[in-house]
Every structure is written in C-alpha cells, then in structure tokens.
Amino acid sequence: MILPGATLGMLGGGQLGRLFTLAAHDLGYRVVVLDPDPDSPAGRVADEHLHASYSDPWALERMTQECAAVTTEFENIPADTLERLAETVPVHPSADAVRTAQDRIREKTFIREAGLPTAPFAVVRSVDDLEAAIAEVGVPAILKRAALGYDGKGQVRIGAADELAPAFALLGEVPCVLERRVELEREVSVVLARGGQGEALCFPLAENEHRGGILDVSIVPARVSERVAAQARAMALSLAERLGYRGVMAVEFFLTRDGDLLVNEIAPRPHNSGHYTIDACATSQFEQQLRALCGLPLGDVRLLSPVVMVNLLGDLWAEREPHWERIFAAEGARLHLYGKREPRPGRKMGHFCVLDGDAERALQRARDTFAAL
Ligand code: ATP
Ligand code: MG
C-alpha cells in the first residue's frame, strides 16, 4: 500500500489530471504532473509540473525517481511511455490496456472478441476497403478515424454510399472504423474501478446527453430499467477483467430504440460522465483512481443524492463571463472550473452539478440554471 505522504505521478495535465491532483492533495499525497503545456490545468495545481514531452527521457527519469506510482488521465499518452516507466515504477492502467482503448480498430475488435455487442462496424485502412465496408455496415453510418479522436472530432456522418469515399479523403485516408449509425433511445455509461486483486466496483450508471458530439448533461440515476443497468455493469466489469485492468475506467453504451445495449467505447481513465461522483457519491472517481493506484481498499460508491451534471463549454463565454452568481444561488448546486484561460468554442472549461432528492427536478433546475448563465 502506498500511503499518504507519498508522491504520485500523473501523465497529462488536463482537467481529469487536475481533479485527480485535488483529490490526492485532500488525502495528503503529493503529485507530479507531466504535460508539455506550461500552463496546463493540472500542472498549475500540482506539487511539481514537468513541462516536457511525454517521451522526454529526462522527464521520465525524474518521474521514476520521485513517484511511488504513476497513472494517466490522457487517453493518447504514448503507450511506450507507460511501458518505459513500468520498468522501474508501478504504472496503472497498463500500457496494454491503454493501447487497446487508444485505437478504435483494436478497441472494437477487442469488444467483439469479448463476445459483447457493438454497432455493426467494419475496418477501413485504405480506399480498397471502402466498398466492402459500406456493403457490410449499410447506411446511415459514421466514419471515425481510428486514432486521436475525441469529443466527436475526426468523425464524418455518411447518409449514402457515395459519401464514403469523400469522407475518407476528408479524414486524410488514415485508418478508420465505419460504424452503423444506430437509433438511440438513450446513452449511458459505467465508471468502474478495479484494484490489484481483481476486486471491482461500479459507480451508478449515468445517462448522457450529447450536443454536437460533446457530452452536455449527465443524469444520475440513469432512467433505464434495473435489468439494463445490471447488464451494463456486467459488460463493463467483464471488459475490465479481460483487460486485466487496474485503475478507473469508463465504458460508454448505446441503448437502441429496439432495447439493445451496445458497447460504444472504453476510456482508460476517469470520465466526464463520472464527474457527478465528486459531489454526489461517497467516494469520487478521482479518489477511486488513487485508491486503485495505491493498492488501498476501493471506496464506497454509494450515490448520496440524485444529481445532474452540466458541462460548461467555452461557447458560454461568447459575449461575456457567465453569471456564476446564479449557480452559487441555486440550492444544491456546485461549480467546478478547470482554470483554463482561453474559452474556445467546444472547449471544456468546467461543469456544475445540481443535487436534488428528485432526479427530474434536478434536471429541470440544472437546465434552468444553465439557461440563466
Ligand atoms: P468522446 O471522446 O467524447 O466520448 P468520441 O470522439 O470518442 O467522443 P464517440 O463516443 O464515438 O466519439 O461518439 C460521440 C457521440 O456521437 C456518441 O456519444 C453518440 O451520441 C454519437 N454516436 C457515435 N457513434 C454513433 C453511432 N454508431 N450511432 C449513433 N450515434 C453515434
Ligand atoms: Mg464517446
């Protein structure tokens, strides 16, 4: 067990790293953040910020010397970096698990081989694959680049077969997955933690609404039957087990109009849809990440109150600074800002949660509060 007072390493300096760092500080740990950006949200609150590239030998050496264990918040961290660090210091999740989640081709294939349902998909590596892919998948579809996509970036919607070739060209003819666009009833996600002995716990399901490909609102508990919730938890746990996963991971699901639960994707880290745990669960997903990393017992995942989380994107700053006082005035509302200086459109600047004994009311009040910002 790695106990308070120890120093932990965080690869990546975004908001997930920042929220981890704040949780770690609460528990008396030190945190060293590695991120190339000299002004990163996590770097700013860390005990030490190494602003160097993720493969910088000096920075990695420094991490191994200072840290009792290392984790990551950044999906696209080079897996080689994790591997190198793991030669001298415990690193969780493993390079293999992260490598699987980083690449949609590997990820979707892994999910399929685990025997779990996904939207129909086909791999597109070159122009030669296009015809067979569209024949197999059908339309409407979405072409998604295999690597380095997030928040719906690197995706093109396909309405008819002849749109596929231009879409592939638009994405630069990089390896892609062509995926059938399914009719969504709802989207849900499971954030889970798995420890070193294989013990695992799921946080309550979140129901997620997206806008423009970006998470907008999470509603907890999700408005799905207990049967669907149990199915989602079981699928998420089986994926974590199959990956030999240690740490916090998230699994996103589609619930189709036909009532089928499909796995969308895996995130090898805490997840935006798990931010509600900070305010509404007995343990936050970030404390849980620390517990799994340090070999502590996993924390209580109980939901203390229904909750709705709303993301605050840079668009909100278009005309002026939002009216924060309206969040401070709303009962049971809690604001989290990530300390990013530049509010670009689509950029995640922060989020707020509204807690209310009644979930529908929480949703209405969250929407009203957001509209008044
Ligand atoms: P993030 O990193 O924010 O999760 P991403 O770039 O990895 O996003 P996806 O999760 O693949 O993207 O897609 C983003 C959103 O687009 C989904 O949450 C869903 O709303 C919609 N979407 C993606 N794929 C499909 C599909 N096959 N059928 C219907 N809707 C889809
Ligand atoms: Mg997604």
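**Note on ligand 1 and the domains around it**

1. Start with the shell around ligand 1. By class, it holds nine charged residues, five nonpolar and four polar. Keep in mind that this is a predicted model.

2. Which residues come nearest to ligand 1? There are 18 residues around the ligand, and the nearest are Lys144, Gly152, Glu179, Glu187 and Glu265.

3. Now look at the polar contacts. Lys144 has a polar side-chain atom 2.7 Å from an oxygen atom of ligand 1. Glu179 places an N or O atom of its side chain 2.8 Å from a nitrogen atom of ligand 1. Arg180 works through its backbone: a polar atom there is 2.8 Å from a nitrogen atom of the ligand. How much of the accessible area of ligand 1 does the protein cover? On its own, the ligand has 610 Å², and the protein covers 91% of that.

4. Next, trace the shell back to the strands. Five strands each give at least two residues to the shell around ligand 1. They are β6 (141–145), β8 (176–180), β9 (184–194), β13 (247–256) and β14 (261–267).

5. Step back to the whole chain. The domain assignment lists domain 1 (7–91), domain 2 (120–180) and domain 3 (184–372). Which domains each supply at least three residues to the shell around ligand 1? Domain 2 and domain 3 do.

6. How do domain 2 and domain 3 meet? Their centres, taken over C-alpha atoms, are 28 Å apart. Four residues of domain 2 touch six residues of domain 3, with contact meaning heavy atoms within 4.5 Å. The two domains bury about 320 Å² between them. Carbon and sulfur atoms give 35% of that area. On the domain 2 side, Lys144, Asp151 and Glu179 supply 80% of the area buried against domain 3. No other three residues supply more. Two of these names have come up before: Lys144 and Glu179 are also among the residues nearest to ligand 1.

7. Check the backbone for cis peptide bonds. Most peptide bonds are trans. The bond from His92 to Pro93 is cis, with omega near 0°. Pro93 sits in the loop between α4 (79–86) and α5 (95–102). The bond from Val220 to Pro221 is cis too, again with omega near 0°. Pro221 belongs to the loop that runs between β12 (214–220) and α9 (226–243).

8. One phi angle also deserves a look. Most residues other than glycine have a negative phi. Is phi of Glu173 positive or negative? It is positive, near 55°, and Glu173 is not a glycine. Where is Glu173? Find it in the loop between α8 (164–170) and β8. Strand β8 is one of those that supply the shell around ligand 1.

Technical notes. Residues are numbered from 1 along each chain as its sequence is written. Chains are lettered from A and ligands numbered from 1 in the order in which they are written. This is a predicted model: local features need pLDDT of at least 70, side-chain atom pairs count only at pLDDT 80 or more; totals for chains, interfaces and linings use all residues. Side-chain values use heavy atoms; hydrogens and water are left out. A residue is near a molecule or strand if one of its heavy atoms lies within 4 Å of it. A polar contact is a pair of N or O atoms within 3.5 Å; within protein, one must be able to donate a hydrogen and the other to accept it, and residues adjacent in sequence count only if both atoms are side-chain atoms. Accessible areas come from the Shrake-Rupley method with a 1.4 Å probe; for residues, only the protein chains shown count as cover. Helices (H or I, at least four residues) and strands (E, at least two) are DSSP runs, numbered from the N terminus. Ala, Val, Leu, Ile, Met, Phe, Trp, Tyr, Cys and Pro count as nonpolar, Asp, Glu, Lys and Arg as charged, and the others, Gly among them, as polar. Domain bounds come from an automatic or database domain assignment. Buried area is the accessible area (1.4 Å probe) that two parts lose on being put together, summed over both.
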